[in-house]
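Trainee: I'm new to this one. Could you pick a turn, look at it closely, and then carry on from there to the rest?

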Amino acid sequence: MKPLEGKEIILGITGGIAVYKAVDILRHLTRDGAGVTVVMTRHAREFVTPLTFQVLSKNPVYSDMFKGNMAGKGMEHISLAERGDILLVAPATANIIGKFANGIADDLLSTLFLSVTCPVLIAPSMNEKMYHNIVVQENIKRLHNRNIEIIEPVYGELACGDEGKGRLADVDSIIEKVIELLPMSDNISTGERGEQQGDKKNDLSNRTILITAGPTQEPLDPARYLSNPSSGKMGYALADTARRRGAEVILISGPGSLPIPNDVTFIPVKRAREMEKAVLSHIDRSDTVIMSAAVSDFEPKRFSKKKIKKTNKDIVLELKRTPDILAKIGLRKEDKIIVGFAAETDDIIVKAEKKLKNKRLDLIVVNDISNPDIGFRSDFNKVSIIDNEGKVDHLPLMSKKRLADIIIDRIIAVEPKKRYQRRNT
Ligand code: CTP
């Protein structure tokens with residue numbers, strides 16, 4: 001099941017240069033299974049035409065209170081308000097924030113805001129000076145105090161050419177927040193959500209965590225390689241989370257296009273053998289290793305320096321095994337905590353338990369790759385975590401960012417037992 005399946009989202013779009021990013025937000029929401037109805041202000045329509053949003057959402061786009069739109073009754077604010085599970089306003093201008101904060105209802109979106117009972121998430125985007133203006137800040141505070149969620153803009157280059165805090169928050173963070181705010185039944189249990197909200201800022205200080213991420217590429221000739229669809233999102237989320245929680249992080253990553261998390265030692269590699277070398281040369285200073293990379297199990301037996309030219313005949317490709325990095329470090333683990341990943345299509349728990357034992361792991365995170373909606377490339381995953389005492393934890397579908405926090409929690413929970421074992425041996 002997709003993470004937003006069955007959810008109805010009202011996407012309010014107001015008139016700033018970041019309107020074009022609302023196209024991306026809409027595409028992410030629909031890709032994740034949500035039904036989306038777009039409400040645009042008059043100024044937003046100056047930037048991107050409603051037709052774009054209509055085609056992508058497969059729904060009429062609403063704008064005017066009295067032009068009868070698709071419903072034709074001039075009561076859209078009521079029918080839309082009843083329909084939505086969440087109202088997301090992105091980008092939100094200083095003007096709409098001012099209207100929301102002060103109860104002004106002079107167009108469809110501001111009237112709708114007063115009519116909804118569902119959660120509201122506002123993603124401001126504007127010039128930095130406007131954003132920091134005391135009036136805007138007071139309006140934001142006022143909304144915040146009334147349980148309206150605000151996802152803050154980020155620092156960067158602004159449309160006016162200035163640099164500052166005013167850029168619309170990144171699309172992934174907005175989608176993540178939408179999921180967090182939706183009624184929880186399907187995404188995550190209350191307990192887990194509570195667990196997320198605690199202050200965990202520094203619970204990994206004094207720890208060094210080595211994380212591998214992404215695919216490997218095994219070259220066949222200068223133009224071709226063997227690889228897999230891993231995006232690295234899980235490993236990068238783990239690196240970011242571990243860093244945020246105070247760890248020193250070494251991120252060894254196969255090729256990909258994700259932004260490198262701040263403040264980590266980043267080591268790019270291509271082949272499984274390069275990854276092995278990088279892992280072995282950094283393992284001694286790490287106390288925890290998380291192997292989330294999708295390492296190729298095979299590489300071409302021969303690399304052809306010249307491009308292999310096509311002929312009319314079929315060819316047979318000979319492959320040989322790559323080193324099993326995880327098994328190797330499992331053998332010399334000492335008191336390190338080692339976490340492996342497994343991707344299975346059948347008998348997933350039994351197979352993962354076997355891997356955990358054979359590779360001498362402390363934890364294994366296993367996902368069912370027979371479901372095309374989750375896992376590789378997705379922002380979401382549904383996994384089970386198995387520990388070395390055989391405890392299996394089946395987790396619900398959730399974002400990889402949230403999952404990263406939970407995996408780190410499980411790693412921390414392994415440690416006291418290990419210390420105890422060490423003292424008693
Ligand atoms: N791994 C590794 N070195 C390899 C292959 C995999 O370190 N050459 C690691 C991965 O990073 C992951 C785990 O081992 O943490 C996956 O285990 P593996 O036994 O390779 O499982 P699958 O890739 O699922 O392969 P299979 O089911 O074919 O055994």
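Mentor: Let's start at the hairpin that strand 6 and strand 7 form, which has five residues between the two strands. In that turn, Gly161 has a positive phi of about 100°. Strands here are DSSP runs of E with at least two residues, helices are runs of H or I with at least four, and both are numbered from the N terminus. Before going on, keep in mind that this is a predicted model, with local features needing pLDDT of at least 70 and side-chain atom pairs pLDDT 80 or more, while totals for chains, interfaces and linings use all residues. Residues are numbered from 1 along each chain, and side-chain values use heavy atoms, with hydrogens and water left out.

Back to the hairpin: strand 6 covers residues 154–157, strand 7 covers 163–167, and four bridges hold them in an antiparallel pairing. Two strands count as paired once DSSP finds at least two bridges between them. If you want one bridge to find by eye, try Gly156, whose partner in strand 7 is Gly164.

Now look for the open sheet, where five strands sit in the order 2-1-3-4-5 with parallel pairing. Strand 2 (35–40) and strand 5 (149–150) are at its edges; each has a single partner strand, so one side of each has no neighbour in the sheet. Further in, strand 1 (residues 8–13) runs parallel to strand 3 (residues 86–92), with four bridges joining them. One of the pairs to look for is Ile9 and its bridge partner in strand 3, Ile86.

Strand 3 has another thing to spot: Pro91 lies in it, and the peptide bond from Ala90 to Pro91 is cis, with omega near -5°. For another backbone detail, go to the loop between helix 10 (190–197) and strand 8 (208–213), where you'll find Asn206. Asn206 isn't a glycine, yet its phi is positive, near 75°.

Last stop, the ligand. There are 15 residues around it, and Met291, Ala293, Pro323, Leu326 and Lys355 come nearest; being near takes a heavy atom within 4 Å. By type, the shell splits into eight nonpolar, three polar and four charged residues, with Gly counted as polar and Pro as nonpolar. Helix 13 (325–331) and strand 16 (337–344) each supply at least two residues of that shell, and strand 16 gives the most, three.

There are polar contacts to trace as well, meaning pairs of N or O atoms within 3.5 Å. A polar backbone atom of Ala293 is 2.7 Å from a ligand oxygen, and a polar backbone atom of Ala343 is 3.3 Å from a ligand oxygen. On the nitrogen side, a ligand nitrogen is 3.4 Å from an N or O atom in the side chain of Thr322.

Notes: A polar contact is a pair of N or O atoms within 3.5 Å; within protein, one must be able to donate a hydrogen and the other to accept it, and residues adjacent in sequence count only if both atoms are side-chain atoms.
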